[in-house]
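These are my notebook entries on one protein chain, written while I looked up its contacts and strands.

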Amino acid sequence: MSGYIGTQPVPQATQTRDSFTATSGQTSFATSGYTPNYLDVYLNGVKLASADYTASNGSDVVLASGAATGDILEVVAYTTFTTADIPAGTPSIDDNGNATALTIDSSENVMLGTTTSTLYNVSSGTGFSYRNGVALDIARQNTSSAEPLLNLNLTGVDGSHILFYKDGTTVGSIGTNGSDLYIGSTDSLHGGVTFAQRAMLPNLNGVTPNDGGTDLGGSSNRWRDAYLSGGVYLGGTGSANKLEDYEEGSWTPTLPNGGTVSSINNSNYTKIGNLVTINLYTTFTPTNNASVFEIGGLPFAVSNNNYGGGSISYSPNLDIRLWSAPLFTSSGGSHLYFYTIDGVNTSISNNAMSGNATTFILQGTYYTDS
């Protein structure tokens, strides 16, 4: 009987074969070498059970019963598997590391460069971890702020670097459009943001520019404070729509032509663009010899050739019949000059205050170049 019964167990490249023709009663056969327990013994093509021979010294195979004259004994010894040379460009795994490079634990977590599967919660460490069915983790002990943790390089035409899916449907992406980075939704109703040169621009579908169709915040989802070094265009893009300044504060009134400010209940202002609105509630005593009554200390100088206007809403020491609707102006200065509107444009003097402590409530607006 010759040949093999069953399938040859391993490729020929991993075997060493010795064949002998037995003499009458021969029991011992000197092979070319083997690793104990890693060999098969065949007599006339039939594989012998381990009880039918002894193979323990790495060289000899000894039969339990002597062979007959002309019997054929074959010994198949299995050698260590060695990978063959693989041509360049052929996919392969070549581990030349000097430490453990790849670890797969009992939970099927796969780790590269580490044996820790939970890299997301370590204070130090380096490696890549796929937590089976849970997440991908990447960690690095940082030694250079110039080296990022993840590099994504898209060559050729513009497109998405990362796509986001929900239940198998694309919902958004991060990518490049020329030299601009964008974050966008695939739904045009949601839109996104393009980071252009020194600008953040609204977009649709990540790359399509959107003009006038995207809000910043919402009625129930508001931003808090906005810090701007430039202006804001409201309702249009022309220079007339640009609001460059808004300011609120207080100011301290003075009496340039003499007198004492005894108390200030309220003295505030609001500046929107170049228009200043002032309010004043104070008590003072003017010197009773000045021909013109003035209040100084305006928060901003009045614009040249622009006059403001306002009204005294309360001043008990003034003759209401005469001063019921005064105007004030300070062309190019920071003082208020008071006049009547009785048809003769008469200035109000300190004498009109009767030299007494006067409660004074004033409201008015004027333009400034500041």
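The entries below record what I looked up, topic by topic.

**Entry 1. Status of the model.** I note at the outset that this is a predicted model.

**Entry 2. Salt bridges.** I began with charged pairs, as side chains of opposite charge can pair when their charged atoms come close. My search of the whole structure returned six salt bridges. I looked up three pairs in detail.

Asp40 and Lys47 meet through their side chains in a salt bridge, with 3.3 Å from N to O. I checked Asp40 for burial: its relative accessible area is 10%, so I entered Asp40 as buried.

Arg131 and Asp137 form a salt bridge of 2.6 Å, N to O. Arg131 has a relative accessibility of 15% and therefore counts as buried. Asp137, at 6%, is buried as well.

Asp245 and Lys271 form a salt bridge whose closest N and O atoms are 2.5 Å apart. I then looked up where the two partners lie. Asp245 is in the loop between strand S19 (242–243) and strand S20 (246–250), whereas Lys271 is in strand S21 (residues 259–272), so the pair ties together parts that are 26 residues apart in sequence. Is Asp245 buried or partly exposed? Its relative accessible area is 25%, so I recorded Asp245 as partly exposed. Lys271, by contrast, has 2% relative accessibility and counts as buried.

**Entry 3. A charge over a ring.** I returned to Lys271 and asked which ring its charged end sits over. The ring is that of Phe300, and the charged end is 5.4 Å from the ring centre. Lys271 thus appears in two of my records: the salt bridge with Asp245 and this placement over Phe300.

**Entry 4. Aromatic pairs.** A pair of aromatic rings is described by the distance of the centres and the angle of the planes. I counted three aromatic pairs. For Phe20 and Phe29, the ring centres are 5.5 Å apart and the planes stand at 50°, so I entered the pair as tilted. Phe20 and Phe29 are both buried.

For Phe284 and Phe360, the centres are 5.4 Å apart and the planes are at 50°, so this pair is tilted. Phe284 belongs to strand S22 (residues 275–286) and Phe360 to strand S27 (residues 358–367), so the pair ties together parts that are 76 residues apart in sequence. Burial was checked here too: Phe284 and Phe360 are buried.

**Entry 5. The hairpin of S10 and S11.** I followed strand S10 (residues 127–131) and found five bridges joining it to S11, with the two strands antiparallel. Tyr130 stands opposite Leu136 in S11. Three residues lie between the strands of this hairpin, and Gly133 takes a positive phi near 75°.

Ile138 is in strand S11 (residues 135–139). I found 41% relative accessibility for Ile138, so this residue counts as partly exposed. Which residues make the nonpolar surface patch of about 370 Å²? They are Ile138, Leu149, Leu150 and Leu152.

**Entry 6. An open sheet.** I traced an open sheet of six strands, in the order S12-S13-S14-S15-S16-S17, with antiparallel pairing. Why is one side of S12 and of S17 left without a neighbour in the sheet? Strand S12 (159–166) and strand S17 (208–209) stand at the edges, and each has a single partner strand, so one side of each has no neighbour there. At the S17 edge, two bridges join strand S16 (residues 199–204) to S17 in antiparallel fashion. Asn203 has Pro209 in S17 as its bridge partner.

**Entry 7. Strand S26.** I checked the side chains along strand S26 (residues 336–339) and found that they alternate. Leu336 and Phe338 point to one face and are buried, while Tyr337 and Tyr339 point to the other face and are not buried. Strand S23 (residues 294–295) is joined to S26 by two bridges and runs antiparallel to it. Glu294 stands opposite Tyr337.

**Entry 8. A loop residue.** I last looked up Ser56, in the loop between strand S5 (53–54) and strand S6 (60–63). At 56% relative accessibility, Ser56 counts as exposed. Ser56 and Asn37 are 19 residues apart along the chain, and their C-alpha atoms are separated by 8.0 Å.

How values were computed:
Residues are numbered from 1 along each chain as its sequence is written. This is a predicted model: local features need pLDDT of at least 70, side-chain atom pairs count only at pLDDT 80 or more; totals for chains, interfaces and linings use all residues. Side-chain values use heavy atoms; hydrogens and water are left out. Rings of Phe, Tyr and Trp (its six-membered ring) pair if their centres lie within 6.5 Å; planes under 30 degrees apart count as stacked, over 60 as edge-to-face and the rest as tilted. Buried means under 20% relative accessible area, exposed over 50%, partly exposed in between (1.4 Å probe, protein chains only). Helices (H or I, at least four residues) and strands (E, at least two) are DSSP runs, numbered from the N terminus. A charge sits over a ring if NZ of Lys or CZ of Arg is within 6 Å of the ring centre and within 35 degrees of the ring normal. Patches are made of residues with over 30% relative accessible area and no salt bridge: like charges are joined within 9 Å, nonpolar side chains (Val, Leu, Ile, Met, Phe, Trp, Tyr) within 5 Å. Accessible areas come from the Shrake-Rupley method with a 1.4 Å probe; for residues, only the protein chains shown count as cover. A salt bridge is a side-chain nitrogen of Lys or Arg within 4 Å of a carboxyl oxygen of Asp or Glu. Two strands pair if DSSP finds at least two bridges between them.
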